[in-house]
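Hi,

Here is the structure I said I'd pass on. Have a look first, then read my notes underneath.

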Amino acid sequence: MPDVFANITAAPPQALEVISNVLELRASIPQQQEMLRTYLRDIDFPDRAKVLEIGCGTGPIARVLAAWPNVGEVVGVDPSPYLIDKARTLSPGAPNLVFEVGDGKGLRFKEASFDVVILHTVLTHVPTPEAVLAEAHRVLRSGGWLGVCDGDFATATLSTGALDPLEVCVNAFVEGFVNDRWMVRRMSRLAADAGFEVSPLRSYGLVETVKPGLTVTWVDRGADVLASRGQISQELASALKAEAKRRAEANAFFGYMAYASMIGRKSR
């Protein structure tokens with residue numbers, strides 16, 4: 001089953017609503033917020049910086065960027081009109097923040113238009129990440145900064161022991177919502193090949209036990225993928241979701257995934 005993000009303009013409204021809710025949920029998690037702040041602090045934003053976020057979704061990262069020190073203007077771009085409409089609705093009264101529909105593999109902007117480009121949890125979903133990085137390089141000014149952060153989906157797990165049934169849901173979730181689970185491990189080379197001077201990767205980990213938020217949704221989405229394929233019944237899908245809820249209520253839940261960020265700079 002292909003990654004729904006890879007062809008998001010064809011996604012049905014129900015799937016887009018789930019994606020919208022997950023994007024906002026993820027952005028509300030303190031561990032996720034600290035990841036974002038950490039790698040943004042690695043970027044030397046020039047005064048009145050013009051910033052582009054490619055793959056902005058509903059806009060939670062763009063909203064942070066709009067309030068970041070030295071940022072003058074933020075443009076958020078996403079191929080989904082549905083998500084862009086949500087982003088505009090969720091960002092009222094921000095005079096330095098605009099959203100528009102656009103494909104990161106073919107941006108409308110002229111060369112050297114931006115000081116900073118952000119790719120937050122985007123490249124794992126793109127079948128041709130090289131094309132997005134090439135566009136990011138093109139629209140950056142000389143000396144401009146690239147900030148990339150993404151999940152290492154090859155590390156995603158809910159297992160608390162051998163043969164944990166929830167792990168099947170994780171695998172199905174990754175197959176249905178991620179294009180390349182290994183992309184983070186090639187991220188530095190991809191950016192260097194695009195012409196960036198790259199920093200060493202900075203590592204993070206998202207761990208959820210008590211009151212899980214993001215990782216528990218992997219069970220719901222993974223079970224739905226399995227049921228839609230006809231691999232399991234709706235009854236079994238419901239039972240898997242109920243087991244995840246039971247573990248969460250009993251403080252027996254465990255969810256984990258590694259993340260990594262990278263800073264790149266366009267040579268002067």
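A definition before the helices: angles under 35 degrees count as roughly parallel, over 145 as roughly antiparallel, 65 to 115 as roughly perpendicular and the rest as oblique. Bear in mind that this is a predicted model, where local features need pLDDT of at least 70, side-chain atom pairs count only at pLDDT 80 or more, and totals for chains, interfaces and linings use all residues. Residues are numbered from 1 along each chain as its sequence is written, and side-chain values use heavy atoms, with hydrogens and water left out.

Now α6 (residues 166-177) and α8 (residues 216-229): their axes come within 7 Å and cross at roughly 75 degrees, so the two helices are roughly perpendicular to each other. Among the residues making the contact (heavy atoms within 4.5 Å) are V170 and F173 of α6 and W218 and L226 of α8.

W218 also turns up in the contacts of Y256, together with T155, A156, T157, G205, L206, V207 and T215, leaving aside neighbours within four places in sequence. Y256 sits in strand β8 (residues 255-266) and, at 26% relative accessibility, counts as partly exposed; that class lies between buried (under 20% relative accessible area) and exposed (over 50%), using a 1.4 Å probe and protein chains only.

Then there's α4 (residues 81-89), with L83, I84 and A87 as its buried residues. They cover an arc of only 100 degrees around the axis, which puts them on the same side of α4. Their cover includes α1 (13-27), β2 (71-78) and β3 (97-101).

Cheers

Methods: Axes fitted to C-alpha atoms, helices over the stretch in contact; angles between N-to-C directions. Helix = DSSP H or I, 4+ residues; strand = E, 2+ residues; numbered from the N terminus. Arc of directions from axis to C-beta.
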